[in-house]
Amino acid sequence: MSASKSETSEAADSSWPPGRGGTAQDDTVSEPCSELLAALLDGMDAALCAFAADGTITHWNREAERILGWSPDEAVGRRGFTGWAVRRADADEVARRLMAVMAAPGRQVDEFALLRKDGGRVLVRIQSARVLGADGSPAGVYCAFSEVHAQIDLERSIALSEALFDDASWGVVLVDVDLRPTTVNGYAERALAAGGGSPLGRPLGEMVVDGVEQLESSLHHVLAEGAQRGLSELWVTLAGSSEDPARTGPAVGRRRCWRSGFLRLGSPLAEEPVPLGVAWLFHDITESRLAEQEADRLRFRAGQLHRAGRAAAECEDPTAAAMTYLDFALAGFADHVVVDLFEPVDGGRLIRAAATPAGAPGPCLPLTGGGAPIPYAPGHPALQAADRTGSVRASAPGTASGAEFAKWAKDRRWPRDMAHALCTVLRSRGRTLGVVTFLRGASRPAFERPDAVYAESMSSLTASSLDMAALVAG
């Protein structure tokens, strides 16, 4: 009885494929294994077939049936592909190359044109490897194959992913459902990294100061509803307060404009779409947008100068013409304006001659009664502008609170809540008549050099009208 069991075991070990041969007792033990193996083979995404050492087909799964149309009952037991799954002219070459893998270790990749059951041809890519028996000798060959076009589509997808994350000229960020970056390419890392740290796994609010709400809203929308139509432009301010000259990416602490697109990522393995996150693609277009804004600003200001000149030309009173110039200058430029003129007798003191209403926006009007002297402290921006015969810009500290803004403006004899000032001198016929001061609130940006050029253009026209008014009055 012992010898019988040994012989049976040896026969079962040498048999190929698994699950064939053996006694009834061995069949009973191996039956669950055979069922498991069949279920695994049928559940594979790749087509799979196996050959015994003599070339007989022993396994054929459902994916192979889907691609070629031959069922397992029609395929298993046939000797090779000759006469049914390959043309006779190609049969010998296909058989030779498939069975040649038994003589060499490792895997072999080939491409063959096989025949479908309906007579059509399909180009497949076959990856084959030998199967060793219990004694270590070659016992057969297994082959996994797929349609070449499907394999090429997969390779293209992989190649596209690698290209996007290597040298793409757009930033690519994969964001998980918690809105944390999980994968970024080089462009995006340079754009998002604040203080030299990696953006991976960090909340977006740590890297983006202003504009993060709009960004996160877009990501939430894509996760819930799917991709947005078209591209969107996001203005953001990156974390940090200074620029690092060693960095090659966008400057830290400055506003950037990113043209962005969003795609929802879903698992291809789930029966129903399960969002894995969002692919966020963006490109920095700050320079072009700033150039467009500057061009629009110049066109608008040129139009204001033209319209102001035409309106002032219709004013009979030179003082009214001067106020007209200032009213046109205020549009989109400043919140308030004040005009201080030097006394005709004592040229060392400035007198408040005109101003806009302090409480609400309104036209610039001359003060009744001729105005009153303004006790500016030494070093006041208006006095500096008069001394330099040019323009002076001033702003409250960036960390100031509302009360500090009010105190800063009050100390300088300006309307409360003003945080930025531009003082420019009024010059006519080689003489300094006074100073005009344009003011902005804390919600607006500070004045810049182009703003000073525009203010000087309006001030020169205003000064000419005020000089004419003085001549008429004298």
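Two strands count as paired here if DSSP finds at least two bridges between them. Helices (H or I, at least four residues) and strands (E, at least two) are themselves DSSP runs, numbered from the N terminus. Keep both in mind for the tour.

**Before you click**

What you have open is a predicted model: local features need pLDDT of at least 70 and side-chain atom pairs count only at pLDDT 80 or more, while totals for chains, interfaces and linings use all residues. Residues are numbered from 1 along each chain as its sequence is written, and side-chain values use heavy atoms, with hydrogens and water left out.

Start with the whole protein chain in cartoon view. You'll find 14 helices and 17 strands. Of its 474 residues, 39% count as buried (under 20% relative accessible area; over 50% is exposed and in between is partly exposed, with a 1.4 Å probe and protein chains only). Take contacts (heavy atoms within 4.5 Å) between residues at least 6 apart in sequence: 51% of them join residues at least 24 apart.

**Stop 1: the sheet from β7 to β8**

Select β6 to β11. These six strands make an open sheet in the order β7-β6-β11-β10-β9-β8, with antiparallel pairing. The edges are β7 (181-184) and β8 (208-210); each has a single partner strand, so one side of each has no neighbour in the sheet. On average, neighbouring strands of this sheet are turned by 45° against each other, direction ignored.

Now zoom in along the sheet:

- β6 (residues 171-175) and β7 are antiparallel and share three bridges, and Val-175 sits opposite Pro-181 of β7.
- β10 (residues 255-266) is joined to β9 by six bridges, again antiparallel.
- On to β11 (residues 275-284): nine bridges tie this strand to β10, also antiparallel, with Phe-262 opposite Trp-280 of β11.

Show Ser-232 as sticks. This residue belongs to β9 (residues 232-238). Is Ser-232 buried or exposed? Buried, with a relative accessible area of 19%. Its bridge partner in β10 is Ser-260. Leaving out neighbours within four places in sequence, Ser-232 contacts Trp-258, Arg-259, Ser-260 and Phe-262.

**Stop 2: the helices on that sheet**

Add α9 (residues 212-225), which packs on the sheet and touches β6, β8, β9, β10 and β11; its direction makes about 15° with that of β10. (For angles, axes are lines fitted to C-alpha atoms, for helices over the stretch in contact, and values run from 0 to 180 degrees between N-to-C directions.)

Then bring up α10, which lies across β9, β10 and β11 at about 130° to β10.

**Stop 3: follow α10 to its helix partners**

Two packed helices are described by the angle between their axes and the distance between the axes. Try α11 (residues 318-330) first: α10 (residues 286-313) packs with α11 at about 160°, axes 9 Å apart. The two are therefore roughly antiparallel (that label covers angles over 145 degrees; under 35 is roughly parallel, 65 to 115 roughly perpendicular and the rest oblique). Select Gln-304, Arg-307, Ala-308, Gly-309, Ala-311 and Ala-312 in α10; they meet Ala-321, Thr-324, Tyr-325 and Phe-328 of α11.

Next, α14 (residues 449-473). How are α10 and α14 packed? The angle is about 5°, with the axes 11 Å apart, which makes α10 roughly parallel to α14. From α10, the contact uses Glu-294, Arg-301, Gln-304, Leu-305 and Ala-308; from α14, Pro-450, Asp-451, Tyr-454, Ser-457, Met-458 and Leu-461.

**Stop 4: along α14 to the other sheet**

Stay on α14, which lies across β12 (336-342), β15, β16 and β17, at about 45° to β16. Select β12 to β17 and you get an open six-stranded sheet, ordered β14-β13-β12-β17-β16-β15 with antiparallel pairing. Here β14 (365-366) and β15 (391-395) are the edge strands, each with a single partner, so one side of each lacks a neighbour in the sheet. Between β16 (residues 418-428) and β17 (residues 431-441), which run antiparallel, there are 10 bridges; one pair to label is Ala-421 with Leu-439 in β17.

Last pick: Asp-467, in α14. Asp-467 counts as buried, at 4% relative accessibility. Not counting residues up to four places away in sequence, Asp-467 touches Ser-428, Arg-429, Arg-431 and Leu-433. Draw a C-alpha to C-alpha distance from Asp-467 to Leu-426: 9.5 Å in space, 41 residues apart in sequence.
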